[in-house]
Amino acid sequence: MVEAIATQVGVATLQAEAYANLGDLNEQLAALDRTRSNLIAITGHELRTPLSTIQVCLESLASDPDMPPELRQVMLSTALDDAERMRTLVQDFLTLSRLESGRVEWNTEALPLHECLSLAISSVRTRTNPEAAALPTLILEVPEDLPLVRADGEWLVEVLSKLIDNACKFTPSGGKVTILAQTRGDRELEVKVADTGRGISRDRLETVFDRFYQEEGALRRSTGGTGLGLAICRQIVTGWGGQIWAKSGGKDCGSQFHFTIPIAPDSASEVTPNPSPR
Ligand code: ADP
């Protein structure tokens with residue numbers, strides 16, 4: 001008799017748990033659905049803006065064959081700039097969705113940070129518009145004898161380039177961008193990209209990693225970009241089990257972006273640990 005009651009209580013408890021789990025699952029599905037709808041709305045808006053500009057430019061060109069050559073040139077380069085913006089936006093969006101859905105195969109190996117840094121710096125230099133203001137001075141404070149890191153080189157270069165690119169974009173020429181790296185404990189390296197640019201207000205230090213966050217808002221943006229770069233960096237860094245965070249002294253006091261990356265197991269023995277600066 002006691003056994004029968006105990007079994008019934010057990011079954012009832014299991015049923016209650018199952019209902020509770022089902023409720024949680026439904027809530028999670030509803031939340032996912034809301035995120036998806038928001039994302040579609042934001043992406044639609046972000047694509048519509050450059051598309052409208054391209055349309056206006058092409059219509060003006062088509063309707064006025066006698067347009068003065070200088071104005072014609074302005075229309076053409078505005079349309080081309082916005083087409084490029086759309087291409088980057090779609091590319092960044094696809095990258096982010098691949099990372100978020102876990103469809104990325106990590107080609108992890110032991111790598112020297114120096115090499116990835118050189119590749120990242122060259123890619124930032126190549127992408128910089130030669131007509132734009134000169135890049136700020138780049139300073140490297142990365143010891144030669146750092147242990148190898150364990151990462152997918154392509155994605156590591158992507159993170160470094162995005163952070164260096166941002167630091168340069170938001171720092172006026174004459175400013176400085178410093179890249180530092182040091183060991184943190186005996187398992188990871190900490191990389192820091194610090195600039196002397198416009199800074200980030202304290203209440204935005206987390207928000208900057210949200211998708212499509214741009215301080216000026218997409219419409220008033222003068223620096224280009226898609227607002228997806230830091231969201232991509234966060235996905236990549238958390239993908240290898242690291243952390244990424246921002247610090248700033250506030251408006252016009254510069255920003256520092258930090259991330260951690262695991263040290264390759266066989267190089268761990270070479271490490272002389274430094275105290276964590278965080
Ligand atoms: P974007 O394509 O706009 O650079 P990101 O995701 O890389 O997109 O950055 C999001 C926003 O975070 C930027 O638009 C800018 O407002 C802010 N931000 C990023 N890096 C810096 C920095 N080094 N200094 C100041 N603000 C920054």
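Which polar side-chain atom lies 3.1 Å from a nitrogen atom of the ligand? That atom belongs to S255. Keep in mind as you read on that this is a predicted model.

## Around the ligand

Let's start with the contacts. Besides the S255 side chain, which sits 3.1 Å from a ligand nitrogen, the backbone takes part. T226 places a backbone N or O atom 2.7 Å from an oxygen atom of the ligand, and a polar backbone atom of L230 is 2.8 Å from a ligand oxygen. On its own, the ligand has 530 Å² of accessible area, and the protein covers 98% of that.

The ligand is surrounded by 20 residues, and the closest are N166, K169, Q214, T226 and L230. In chemical terms, the shell divides into eight nonpolar, eight polar and four charged residues. Three elements supply at least two shell residues each: helix 4 (153–169), helix 5 (229–239) and strand 7 (255–262). Helix 4 gives the most, with three residues.

## The fold at a glance

If you like to walk through the chain in order, here is the map. The secondary structure comes to five helices and seven strands. Along the sequence, they follow the pattern α-α-β-α-β-β-α-β-β-α-β-β. The chain has 278 residues, of which 36% count as buried.

One pair of residues shows how the chain brings separated parts of its sequence together. F93 is found in helix 2, and its C-alpha atom is 7.2 Å from that of L228, although F93 and L228 are 135 residues apart along the chain. F93 has a relative accessible area of 23%, so this residue counts as partly exposed rather than buried, the cut-off for buried being under 20%.

## Salt bridges

Side chains of opposite charge can pair when their charged atoms come close. The structure holds seven salt bridges, and a few of them are worth a visit.

The side chains of E100 and R211 meet in a salt bridge, with 3.1 Å from N to O. This pair links distant parts of the chain: E100 belongs to helix 2 (residues 69–100), while R211 lies in the loop between strand 5 (188–195) and helix 5, and the two are 111 residues apart. Both partners are partly exposed: E100 has a relative accessible area of 37%, and R211 has a relative accessibility of 30%.

The salt bridge between E158 and K162 is more local in sequence, with both residues in helix 4, four residues apart, or about one turn of the helix. Their closest N and O atoms are 3.4 Å apart. Here the two partners fall into separate classes: E158 is partly exposed, with a relative accessible area of 27%, whereas K162 counts as buried at 14% relative accessibility. D92 joins E158 and K162 in a network of salt bridges.

A further salt bridge connects R184 and E190, whose closest N and O atoms are 3.5 Å apart. R184 counts as buried at 14% relative accessibility, and E190 also counts as buried, at 4%.

## Cysteines

How many disulfides does the structure hold? The count is zero. A disulfide is a covalent bond between the sulfur atoms of two cysteines.

C116 is in no disulfide, and the nearest cysteine sulfur, that of C233, is 14 Å away. A pair counts as a disulfide when the sulfur atoms are within 2.5 Å, so at 14 Å C116 and C233 do not qualify. C116 is buried, with a relative accessible area of 4%.

C253 is likewise in no disulfide, and for this residue the nearest cysteine sulfur belongs to C168, 19 Å away. Unlike the buried C116, C253 is partly exposed, with a relative accessible area of 48%.

Methods
Residues are numbered from 1 along each chain as its sequence is written. This is a predicted model: local features need pLDDT of at least 70, side-chain atom pairs count only at pLDDT 80 or more; totals for chains, interfaces and linings use all residues. Side-chain values use heavy atoms; hydrogens and water are left out. A residue is near a molecule or strand if one of its heavy atoms lies within 4 Å of it. A polar contact is a pair of N or O atoms within 3.5 Å; within protein, one must be able to donate a hydrogen and the other to accept it, and residues adjacent in sequence count only if both atoms are side-chain atoms. Accessible areas come from the Shrake-Rupley method with a 1.4 Å probe; for residues, only the protein chains shown count as cover. Ala, Val, Leu, Ile, Met, Phe, Trp, Tyr, Cys and Pro count as nonpolar, Asp, Glu, Lys and Arg as charged, and the others, Gly among them, as polar. Buried means under 20% relative accessible area, exposed over 50%, partly exposed in between (1.4 Å probe, protein chains only). A salt bridge is a side-chain nitrogen of Lys or Arg within 4 Å of a carboxyl oxygen of Asp or Glu.
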